[in-house]
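Me: Please give me a close look at one helix pairing in this structure and at the core around it.

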Amino acid sequence: MLTVIALLGAGVLAGLVGSTAGLASLVSYPALLAVGLPPVAANVTNTVALVFSGVGSAAGSLPELTGQSHRVRRYALLAGLGGALGGALVLVSSPDAFARVVPFLVGGAALAVLLRPRVPERGRLNERGVVVALAVFAIGIYGGYFGAAAGVLLLALFLALFNDALARLNALKNVVLLAPNAVAAVAFALFGPVQWAAAAPLAVGFLIGGRIGPAVVRRLPAGPLRIAIGIAGLGLAVKLGWDAWA
């Protein structure tokens, strides 16, 4: 019962952090390790539960998603295809090599979020171009493979791509990330070592935290929130780098 309560609480916090900063796995993945799951089982269990954070965030972001259906369709499809590949890689390969690259990806994305007001290239990318499509696809692969800070990577891309409010781009990020998570979760549920006793309370917490998150974003000023997201991303990059290289 204590484990269930701990995972429920971790899920609520992770869902809140994920829907606001894209760093849900920074809370949930260590929580699964702390209750005794081995790394691979923790990874696939986290991905399955993480779907409910996306569902909660989508439900709470309807005002911000107005007028963005074309973006959702385009980028969710690309990210979902990437998620299928990322999920397959988890099931057939070792995560060691990719884990060594992840800290640099996360750190670069966090810096992009922090430096967004001074990025001169903002708005010059073609949202329908090949470069953007490949970037979303690659983030989808990462989201299906491991996913910690995939939201930071995607939000950094959207911040550089669109001149739009942070709350709207954050909502878009949450919905698009649901695609690779869901695709990978199906593969893990069928073929991976998902620990359902841990996934269930974590998923409930994710749903609650994800639903609350968009309301928090609406009430926070964009500048401080962007700084908080960037600093959290840098902190995660340091942690992942230490785990991979130390």
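Reply: What follows concerns the pairing of α5 with α9 and the nonpolar core.

This is a predicted model, in which local features need pLDDT of at least 70 and side-chain atom pairs count only at pLDDT 80 or more, while totals for chains, interfaces and linings use all residues. Residues are numbered from 1 along each chain as its sequence is written, and side-chain values use heavy atoms, with hydrogens and water left out.

Helices here are DSSP runs (H or I, at least four residues), numbered from the N terminus. Helix α5 spans residues 69-92 and helix α9 residues 166-191; their axes, lines fitted to C-alpha atoms over the stretch in contact, come within 8 Å and cross at roughly 35° (angles run from 0 to 180 degrees between N-to-C directions). The crossing is right-handed, that is, the near helix is turned clockwise from the far one by less than a right angle.

Contact means heavy atoms within 4.5 Å. On the α5 side the contact includes R71, Y75, A79, G83 and G87, and on the α9 side it includes R168, L172, V176, P180 and F191. By class, 18 residues of this contact are nonpolar, three polar and two charged, with Gly counted as polar and Pro as nonpolar.

The largest nonpolar core (buried Ala, Val, Leu, Ile, Met, Phe, Trp, Tyr and Cys residues joined through side-chain atoms within 4.5 Å) has 67 residues; buried means under 20% relative accessible area with a 1.4 Å probe, protein chains only. Y75, V106, Y142, L154 and F158 touch the most other members. Helix α9 supplies the largest share of this core, 11 residues.

Technical notes
Helices (H or I, at least four residues) and strands (E, at least two) are DSSP runs, numbered from the N terminus. Buried means under 20% relative accessible area, exposed over 50%, partly exposed in between (1.4 Å probe, protein chains only).
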